[in-house]
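Trainee: Could we go through this model together? I would like to learn how each label is earned.
Mentor: Gladly, ask away.

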Amino acid sequence: MYYDRTVSKCLLDELRPNGAFGFLAQLPRTWHLTDLQLRAYPGKPGCWATLYVGLTKVLDVHERNGVFRLAGKAGDRAWDPAWKEGHSADWFRNQPGVVAYVRGALGQVAERFTNEGAVQTMLCTRASQFFSVIDREAVVGFENTAARTAIYHAEQAPLMDACKAEPTSPWFKPKPFGGELDLLAADNDGRILVIEIKPASATSGIGWAPLQATFYTRLFRAWAGEAGDRCRQILESMLRQRSSLLARHGFGLDDHGRILAPSRALVRLPLEQLRDASAIQEHLDRLNAAADSDAPLAISSAKALVEATCKHVLEEMGAPYADRADVPTLARAVQTALKIQPDQIAPTAKGREAILRTLSNLRQVVSGLAELRNEYAPDRGRTRSSAGIGPRHANLAVGAAQTYCRFLLETLRDRRAAAAAQDRP
């Protein structure tokens, strides 16, 4: 029997924020239905990471001896067959289509696969007061089919015997057990937990769940007995890799290394109306990752989010802009295109004075963000430290950017809705 999903340092490095596939590990922070799990077989050179949406596998990133390849939905129009071939991490850095494919695939997962799956994914990152998840869809391996059959029979037989119906009593018919445990976790007292999850609608399957959990307990206990002292080393190594990866992407760790869910609400924007919102989403991901841990970077990302949103709205409206225009110039251009400049408000508009003050303040928000970024951003080659800048300043910048960008995107939506209504007969 064997079980060890510790992956290579090479794969971990490329899943970290600056890695070729770092955006995958950021998704669980920004979307509750997603989860990234690390995969490997002991004694074999390859390893991989699997991105889940609910119960659905969206993408596998395989690594072997520093060479990467992807496995996904080959029939998807956004899928590039070249990705399944072996390439370096740098090659994949220059493949923006991977991000577009993933974001498209996220929205194609059927709702029926996100009920039980949503619970699994959220328990993986947001149940730290109870336990820390080591692995999801955990599978004990065997040298061959004969060995697997023998162990399964030895562990299942007592349970099946206990479920045999009496001749005069109605009873359900036991079914064979599967090989994948929903969650393997460690609680705060160091005990190993086997967890089976059922959706609220699974009224027929819930009676079977205690038997499933008992079988998996017996199976992993048999593996632990065979692994001996290596059992603890393997599980600690797997948990350490998973925790350190999530910590790099904005999740906190307590004094015992347990994963702490982010306490701050994530920044979200109404992007569904844009033809291609991938660039804005990248800024949002970076912003959400940095806001609690890197105030200068969060301020820089807030300014970049405003700049990208202004450009996208101008492009959606067919309005020109200079590629090297600064943020205040872009803000004036987009507010003019949306007809929300102070001098575009009709003299008879109700509450005109209040509207004028608010719009003027909007421009000040944009100018203030640009000045903050110039003063404190980590990419400005500063000659002094950013002492005094902390999370509250980052939250101020993030909140201002979110408010301004949301206002632009919602105004664009309303303008389009009004135009569509006028075109209808």
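The talk below goes from the ground rules to salt bridges and then to strands.

Mentor: Ground rules to begin with: this is a predicted model, where local features need pLDDT of at least 70, side-chain atom pairs count only at pLDDT 80 or more, and totals for chains, interfaces and linings use all residues. Residues are numbered from 1 along each chain as its sequence is written, and side-chain values use heavy atoms, leaving out hydrogens and water.

Trainee: Why is the contact of D135 with R5 called a salt bridge?
Mentor: The term asks for a side-chain nitrogen of Lys or Arg within 4 Å of a carboxyl oxygen of Asp or Glu. The closest N and O atoms of D135 and R5 are 2.9 Å apart, so the pair qualifies.

Trainee: What makes D135 buried?
Mentor: Buried means under 20% relative accessible area, exposed over 50%, and partly exposed in between (1.4 Å probe, protein chains only). D135 has 0%, so it is buried. R5 has 12%, so R5 is buried as well.

Trainee: Which parts of the chain does the pair of D135 and R5 tie together?
Mentor: D135 lies in strand β5 and R5 in the segment before α1 (9–15), so parts 130 residues apart in sequence are tied together. Helices (H or I, at least four residues) and strands (E, at least two) are DSSP runs, numbered from the N terminus.

Trainee: Are D187 and R191 buried or exposed?
Mentor: D187 has a relative accessible area of 9%, so it is buried. R191 has 52%, so it counts as exposed. The two form a salt bridge, with their closest N and O atoms 2.6 Å apart.

Trainee: How do you know that β5 and β6 are paired?
Mentor: Two strands pair if DSSP finds at least two bridges between them. β5 and β6 (residues 181–187) have six bridges in the antiparallel sense, so they pass. Within this pairing, V133 stands opposite A185 in β6.

Trainee: What makes β3 and β4 a pair?
Mentor: Five bridges join β3 (residues 56–64) to β4, and the two run antiparallel, so the condition is met. One of the bridge partners is A71 in β4, set against D60. Two residues lie between the strands of this hairpin, and N65 takes a positive phi near 55°.

Trainee: Which side chains of β4 are buried?
Mentor: F68 and L70 point to one face and are buried, while V67, R69 and A71 point to the other and are not. In a regular strand the side chains alternate between the two faces of the sheet.
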